[in-house]
Amino acid sequence: MNETIKHQLNHRSIRFFKDQAVDPQELDLIFQVTQRTATSNGLQLSSMIRITDPAQKAKLAEICQQDYVARAPELVIFLVDLYRAKRILQEKGYQEENYRSMDQFFKGVADAYLAAQNLTTVVESLGLGAVFLGSVLNDSQALVDLLELPELTFPLVGVAFGYPDDQPELKPRMDLDLRLSENTYQVEDDYLDLLADYDQEMTHYYDTRKKNQRSDTYTDQLYRQIETVKPKRANLLQVAEDQGFILKNQ
């Protein structure tokens, strides 16, 4: 087993980092590898914004509602980016607006998520730690304003990374059989029964971890997360449409 696979099998979300800048050569390598990420149809419909201004980090932490975001040595926001494509097409004389379509938007979504994962993989292979920030979507309009995003761009996910100052326990995962089907989707009769052992494992994980201890299970967490409606997150498609994307048939 090679070292990269070992890192992937031991992936942990690192939220606390040493007060140490990432080595410039390592940082350059991280972005060079990210640049080589697979991309839908080769169109490269995503972009990254590296946040270095402490004031910007503080505002981003407010959006994420996570204080540690402001202290991350490196912060990168991944965008769906059709603005660049629009400008290229216009400069080539294209008159239509197909670049606004849901098809193109989801190509950009795929590109952005793949790039974020690829960055995280290289970060961990270098012995650094990272955490995905889906919390950037807590207020997507505020993030659009903060980053001064032009039309046809949309912030999708963030990644914070640096040298780890934390060694959290490995978080359990449900059995692979519940996530891997063959040829057709496998529907089960009783999911709570199948997940009972996993719920017990998660309870032990939350009870014994060193930071943010609590009593919880996977199924309770799922219930709580889905039940809790966050109005600004429920408005994501409206913000995307305000950014100029056409996400439904007219």
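How many residues of strand β4 are buried? In this predicted model, β4 spans residues 153–162, and 10 of its 10 residues are buried, so that by the threshold of under 20% relative accessible area the strand is mostly covered.

Two neighbouring strands pair with β4. Strand β2, formed by residues 74–81, runs antiparallel to β4, and the two are joined over 8 bridges. Within this pairing, I77 has G158 of β4 as its bridge partner. The pairing of β3 with β4 is likewise antiparallel and comprises 5 bridges. Here F132 stands opposite V159 in β4. In a regular strand, side chains alternate between the two faces of the sheet.

Aromatic contacts were examined next. A pair of aromatic rings is described by the distance of the centres and the angle of the planes. The count comes to 7 aromatic pairs. For F16 and Y68, the ring centres lie 6.1 Å apart and the planes form an angle of 55°; because this angle does not exceed the 60 degrees required for edge-to-face geometry and is not under 30 degrees, the pair is tilted. The contact links distant parts of the chain, the two residues being 52 residues apart: F16 belongs to the loop between α1 and α2 (24–35), and Y68 to the loop between α3 (54–64) and β2. F16 has a relative accessibility of 30% and therefore counts as partly exposed, whereas Y68, at 11%, counts as buried.

A second pair is formed by F105 and F106, whose ring centres are 5.5 Å apart; their planes stand at 90°, so the geometry is edge-to-face. F105 is buried, with a relative accessibility of 6%, while F106 is partly exposed, with a relative accessible area of 47%. Both residues belong to one aromatic cluster, which also contains F154 and F245.

Open space in the model was also analysed. Rolling a probe the size of a water molecule over the atoms shows where empty space is left. The largest pocket encloses about 2,000 Å³. Its lining consists of 45 residues, and those nearest the centre are S13, R15, K171, Y206 and Q221. The elements that each give two or more residues to this lining are α1 (3–9), β3 (129–133), α8 (196–208) and α9 (218–227). Helix α9 provides the largest share, with 5 residues. Classified by residue type, the lining of the largest pocket has 17 nonpolar, 14 polar and 14 charged residues.

Technical notes
Residues are numbered from 1 along each chain as its sequence is written. This is a predicted model: local features need pLDDT of at least 70, side-chain atom pairs count only at pLDDT 80 or more; totals for chains, interfaces and linings use all residues. Side-chain values use heavy atoms; hydrogens and water are left out. On a 1 Å grid over the protein atoms alone, a cavity is a set of points where a 1.4 Å probe fits but cannot get out, and a pocket is an open set with protein on both sides within 12 Å along at least five of seven lines; lining residues have an atom within 4 Å of a point. Grid points are joined across faces, edges and corners, and a volume is the space filled by probe spheres set on the points. Helices (H or I, at least four residues) and strands (E, at least two) are DSSP runs, numbered from the N terminus. Ala, Val, Leu, Ile, Met, Phe, Trp, Tyr, Cys and Pro count as nonpolar, Asp, Glu, Lys and Arg as charged, and the others, Gly among them, as polar. Buried means under 20% relative accessible area, exposed over 50%, partly exposed in between (1.4 Å probe, protein chains only). Two strands pair if DSSP finds at least two bridges between them. Rings of Phe, Tyr and Trp (its six-membered ring) pair if their centres lie within 6.5 Å; planes under 30 degrees apart count as stacked, over 60 as edge-to-face and the rest as tilted.
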